[in-house]
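Visitor: Could you show me this model and explain how its features get their names?
Guide: Gladly; here it is.

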Amino acid sequence: MKTVLVTGAAGFIGSHLCERLVSDGWSVVGLDNFCDFYDPAIKRRNTQELCSNQLFHLVEVDIRDREKVANLFQQRRPSVVVHIAAMAGVRPSIERPALYTAVNVDGTVNLLEAAGQHGVERFVFASSSSVYGNNKKVPFSEDDPVDHPISPYAATKKAGELLCHCFSHLYGFRSVVLRFFTVFGPRQRPDLAIQKFLERIARGDDIPMFGDGTSSRDYTYIDDIINGIVAAMEVDVRYRIYNLGGSHPVTLNELVATVERVTGLRARLRRLALQPGDVEHTYADIERSRRELGFEPTVGLEAGIARQWSWYRKVAGL
């Protein structure tokens, strides 16, 4: 039985991926440091059911700790690594750039070095649509230049992509970079827009809206992202970048209207200025992912928000 190491295993995307992999029969080592970027109790809840599965092994390690990372690879001998752990978010990265560099760059180097030294066959790296910055050409293609990030977070993700290429070349393992486009669904991080909007509209609180509402995002449902990751774990390439997105951008105004329709509640908006580092639009060209990964989004925005709203009401006891 092959072993896969999933970093960031207790987070939103990581916990969903681990559930899928154990159901597919993988032996899964889930790594997380349970940092306080948001309430660690949420992450504990995400992994509660997983931890009762004999195919899942949770380890609490910080990827910045080079020695502990190396020891983990020595002991567990994963054949595949899916690296999702990171300090996330554009705006917080502007406030704490050194932390983002330490985790997202130095931590990624520790994992890549250990992967090379311990015979890992494949390394899948979770990147971000933020690397495209404010590219004027849409939709964003994997071959577009991404040399002008506008936040420290985006810069660290671009650095991670380059490091994956470097270590793949040096050690000969296969490396796949996945650029995620605004993932949503049950367990979404509480700092992200849809979850924040659902929580605030349920309480009757104001919803902050940055800008005039015409900025847009390409939202991607969590199950579709997981399908893309699993396909990337098997694709026969040496080094390749893929967009994983819904390929259907939605404006902020449209998002708020969708949340109102799903919840049946009226949003109270508090309009604020655009934030430094936020891109104006994201829009994924997914032709390469369709062709080479068989990737095809199946859950639209309104259906996905309805599932997330149902999950949130259950968790919150509404």
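Visitor: What makes α3 and α5 a crossing pair of helices, and at what angle do the axes cross?
Guide: In this predicted model, the axes of α3 (residues 66-76) and α5 (residues 97-117) come within 9 Å and cross at roughly 35°. Axes here are lines fitted to C-alpha atoms, for helices over the stretch in contact, and angles run from 0 to 180 degrees between N-to-C directions. Helices are DSSP runs of H or I with at least four residues, strands are runs of E with at least two, and both are numbered from the N terminus.

Visitor: Is the crossing of α3 and α5 left-handed or right-handed?
Guide: The crossing is right-handed. That name applies because the near helix is turned clockwise from the far one by less than a right angle, whereas anticlockwise would be left-handed.

Visitor: Which residues of α3 and α5 meet?
Guide: R66, V69, A70 and F73 of α3 meet N110, L111, E113, A114 and A115 of α5, where contact means heavy atoms within 4.5 Å. By class, this contact has 6 nonpolar, 1 polar and 2 charged residues. Ala, Val, Leu, Ile, Met, Phe, Trp, Tyr, Cys and Pro count as nonpolar, Asp, Glu, Lys and Arg as charged, and the others, Gly among them, as polar.

Visitor: What makes β3 and β11 edge strands?
Guide: The open sheet has 7 strands in the order β3-β2-β1-β4-β5-β6-β11, with parallel pairing. β3 (56-60) and β11 (239-244) each pair on one side only, so they are its edges.

Visitor: How do you know that β2 and β3 pair?
Guide: Two strands pair if DSSP finds at least two bridges between them. β2 (residues 27-32) and β3 are joined by 5 bridges, so they pair, and they run parallel. One of the bridges links G30 with L58 in β3.

Visitor: Why is P139 called a cis residue, and where is P139 found?
Guide: The peptide bond joining V138 and P139 is cis, with omega about -5°. P139 is found in the loop between β5 (122-128) and α6 (152-171).

Visitor: What is notable about phi of R77?
Guide: Phi of R77 is near 50°, a positive value in a residue other than glycine. R77 is found in the loop between α3 and β4.

Visitor: How were residues numbered and values chosen?
Guide: Residues are numbered from 1 along each chain as its sequence is written. Local features need pLDDT of at least 70, side-chain atom pairs count only at pLDDT 80 or more, and totals for chains, interfaces and linings use all residues, while side-chain values use heavy atoms, leaving out hydrogens and water.
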